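Got the viewer open and a hand on the mouse? Let's take a walk through this one, selection by selection.

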Amino acid sequence: EEKEKRRIASDEFARRSAMAAQACARIMASESASSLRMCFAAWADILEEKRREAMRAEKERLQALQQQQFERALRCWSSSSEKGLRRTTFTAWVAAVDEVKAKKEAELEEKARRSESVMKTIAKLAAAETDGLLH
């Protein structure tokens, strides 16, 4: 009976040891799977971060390119605006000079007309005086 109790205890111990070994194996397998999942999750996070960095870098590159194009267009517009301003100024200056010339010519013509009128009047007076002296 003592032997039987020892054998039962020994069998029970073996059965419990086997169950503990199986539990340990399941825990290790579970930990391996968890570790593997953690590795894949970390890898996926790293890849996602790299993708975001690449997108940020591309966005910055495109913004820099757009800024360069904007500045180039602004310089062209400024240059053409400056040329247009010079052209307009020169045209206005030429028009002002032409207006001054036309005004001077009109004044000279008016003076000449008045002088001619005065000369005719003087000539008539001189002719009348000469006729008066001759009579």
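Select Arg 56 and Glu 49 and show their side chains. These two form a salt bridge, and the closest N and O atoms are 3.3 Å apart in this predicted model. Now switch on a surface. Arg 56 is partly exposed, because its relative accessibility is 42% and the partly exposed class runs between 20% and 50%. Glu 49 counts as partly exposed too, at 34% relative accessibility.

**Next stop: Arg 61 and Glu 58**

Select this pair and measure from N to O. How far apart are the two atoms in the salt bridge of Arg 61 and Glu 58? The distance is 2.8 Å. Now look at the backbone that carries them: Arg 61 and Glu 58 sit 3 residues apart in helix 1, so about one helical turn separates them. Colour them by accessibility and you'll find Arg 61 at 45%, which counts as partly exposed. Glu 58 comes in at 36%, also partly exposed.

**Scroll to Arg 15 and Glu 12**

Here's another salt bridge to click on: Arg 15 with Glu 12, where the closest N and O atoms are 2.5 Å apart. What separates these two along the helix? About one helical turn, because Arg 15 and Glu 12 are 3 residues apart in helix 1. Is Glu 12 buried, exposed or partly exposed? With 27% relative accessibility, Glu 12 is partly exposed. Its partner Arg 15 has 43% and counts as partly exposed as well.

**Then Glu 4, Arg 7 and Asp 11**

Select these three together. Salt bridges link Glu 4, Arg 7 and Asp 11 in a network. How many salt bridges does the structure hold? The count is 11.

While you're in a charged mood, colour the whole chain by charge. You'll have 27 positive and 23 negative side chains to look at. The centres of those two sets lie 5 Å apart.

**Now for something nonpolar**

Select Phe 40, Trp 43 and Leu 47 and show their surface. Together they make a nonpolar surface patch of about 350 Å². Click on Trp 43: this residue lies in helix 1, which covers residues 2-134. Is Trp 43 buried or exposed? Trp 43 is exposed, because its relative accessible area is 52% and the exposed class starts over 50%. Phe 40 is part of helix 1 as well. With a relative accessible area of 48%, Phe 40 is partly exposed.

**Take a long jump**

Keep Phe 40 selected and add Lys 124. Draw a C-alpha to C-alpha distance between them: it reads 124 Å, for two residues 84 apart in sequence.

For another stretch of the ruler, pick Ala 126 and Arg 114. They are 12 residues apart along the chain, and their C-alpha atoms are separated by 18 Å. Ala 126 belongs to helix 1. At 37% relative accessibility, Ala 126 counts as partly exposed.

**Zoom all the way out**

Clear your selections and show the chain as a cartoon. What does the secondary structure come to? You should find 1 helix and 0 strands. The radius of gyration is 57 Å, while the globule rule gives 14 Å for 135 residues, so the chain is more spread out than a compact globule. Turn the view along the principal axes, and the C-alpha trace spans about 195 × 15 × 5 Å.

One last look at the surface before you go. What share of the 135 residues counts as buried? The answer is 0%. The chain exposes about 12600 Å², and carbon and sulfur atoms supply 62% of that area.

Technical notes
Residues are numbered from 1 along each chain as its sequence is written. This is a predicted model: local features need pLDDT of at least 70, side-chain atom pairs count only at pLDDT 80 or more; totals for chains, interfaces and linings use all residues. Side-chain values use heavy atoms; hydrogens and water are left out. Helices (H or I, at least four residues) and strands (E, at least two) are DSSP runs, numbered from the N terminus. The radius of gyration is taken over C-alpha atoms; the globule rule is 2.2 Å times the number of residues to the power 0.38. Buried means under 20% relative accessible area, exposed over 50%, partly exposed in between (1.4 Å probe, protein chains only). Accessible areas come from the Shrake-Rupley method with a 1.4 Å probe; for residues, only the protein chains shown count as cover. Lys and Arg count as positive and Asp and Glu as negative; His and the chain ends are not counted. The place of a charge is taken as NZ of Lys, CZ of Arg, CG of Asp or CD of Glu. Patches are made of residues with over 30% relative accessible area and no salt bridge: like charges are joined within 9 Å, nonpolar side chains (Val, Leu, Ile, Met, Phe, Trp, Tyr) within 5 Å. A salt bridge is a side-chain nitrogen of Lys or Arg within 4 Å of a carboxyl oxygen of Asp or Glu.
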